[in-house]
Amino acid sequence: MRLVTAIVQPTMLTTISVALAQHGVAGMTVTECAGYARQRGQREIYRGTEYTIDFLTKARLEIVVADEEAGPVIDVIVEAARTGAVGDGKVWSAPIEEVVRIRTGERGLAAV
């Protein structure tokens with residue numbers, strides 16, 4: 001199993017979730033987060049004073065999938081989230097050793 005994690009623009013969340021649902025992804029966890037990478041924050045002017053916002057709001061998606069589904073799920077996320085602008089986000093995957101559904105005790109892919 002693999003944990004696919006994506007940091008994306010919050011405005012793209014609906015587009016990504018629809019694309020993942022059409023691909024057959026049964027569930028995901030979404031968390032609001034903040035950070036920066038190449039864009040190094042942004043500058044805004046409020047009442048004539050310039051402010052630098054260091055951390056930009058992002059959405060973090062986490063999806064547990066079978067090993068063979070990790071690549072296609074990453075491709076779906078990348079295609080749905082891409083705008084071509086700086087700050088579109090990042091996607092990565094990591095191995096998962098064990099998953100247990102607490103309610104039933106099911107383990108492995110059956111718990112996903």
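Start by selecting T5: with a relative accessible area of 1%, T5 is buried, since the cut-off for that class is under 20%. The model on screen is predicted. T5 sits in strand 1. Show the residues around T5, leaving out those within four places in sequence, and the contacts are R60, L61, E62, K90, V91 and W92.

**The strand beside T5**

Next, select strand 1, residues 2-8, together with strand 5, residues 56-65. The two run antiparallel and are joined by 7 bridges. One place to look is V8, whose bridge partner in strand 5 is A59.

Now add strand 2, residues 29-35. Strand 2 is antiparallel to strand 5, and 7 bridges join them. Pick T31 here; the partner across the bridge in strand 5 is R60. R60 has already come up, as one of the contacts of T5.

**The whole sheet**

Add strand 6, residues 89-95. What is the order of the strands in this sheet? The order is 2-5-1-6, in an open sheet of 4 strands with antiparallel pairing. Strand 2 and strand 6 each have a single partner strand, so they stand at the edges and one side of each has no neighbour in the sheet. Turn the view to look along the sheet: from one strand to the next, the twist averages 20°.

A general point helps when side chains are switched on. In a regular strand, side chains alternate between the two faces of the sheet.

**The helices**

Select helix 1, residues 13-23. Which strands does helix 1 touch? Helix 1 packs on the sheet and touches strand 1, strand 2 and strand 5, with its direction at about 10° to that of strand 5.

Then select helix 2, residues 70-81. Helix 2 lies across strand 1, strand 5 and strand 6, and runs at about 10° to strand 1. Strand 1 and strand 5 are touched by helix 1, and helix 2 lies across them as well.

**H23**

Go to H23, which is in helix 1. Is H23 buried or exposed? H23 counts as partly exposed because its relative accessibility is 32%, a value that falls between the 20% and 50% cut-offs. Beyond the residues up to four places away in sequence, H23 touches E69, P72, V73 and V76. The side chains of H23 and E69 make a polar contact at 3.0 Å. For P72, draw a C-alpha to C-alpha distance from H23: it is 8.8 Å, although the two are 49 residues apart in sequence.

**Zooming out**

Clear the selection and show the whole chain. The protein has 2 helices and 6 strands. Followed from the N terminus, the elements run β-α-β-β-β-β-α-β. The C-alpha trace spans about 60 × 25 × 20 Å along its principal axes. The radius of gyration is 17 Å, whereas a compact globule of 112 residues would be near 13 Å.

Colour by accessibility to finish. Of the 112 residues, 29% count as buried, and T5 is one of the buried residues. The accessible surface comes to about 7500 Å², and 51% of that belongs to carbon and sulfur atoms. Among contacts between residues at least 6 apart in sequence, 71% join residues at least 24 apart.

Terms used:
Residues numbered from 1 in each chain as written. Predicted model: local features only at pLDDT ≥ 70, side-chain atom pairs only at ≥ 80, totals over all residues. Heavy atoms only, no water. Pairing = 2+ DSSP bridges. Axes fitted to C-alpha atoms, helices over the stretch in contact; angles between N-to-C directions. Contact = heavy atoms within 4.5 Å. Buried < 20%, exposed > 50% of the residue type's maximum accessible area, 1.4 Å probe, protein only. Polar contact = N/O pair within 3.5 Å; in protein donor to acceptor, adjacent residues only side chain to side chain. Rg over C-alpha atoms; globule rule 2.2 N^0.38 Å. Areas by Shrake-Rupley, 256 points an atom, 1.4 Å probe, with all protein chains shown as cover.
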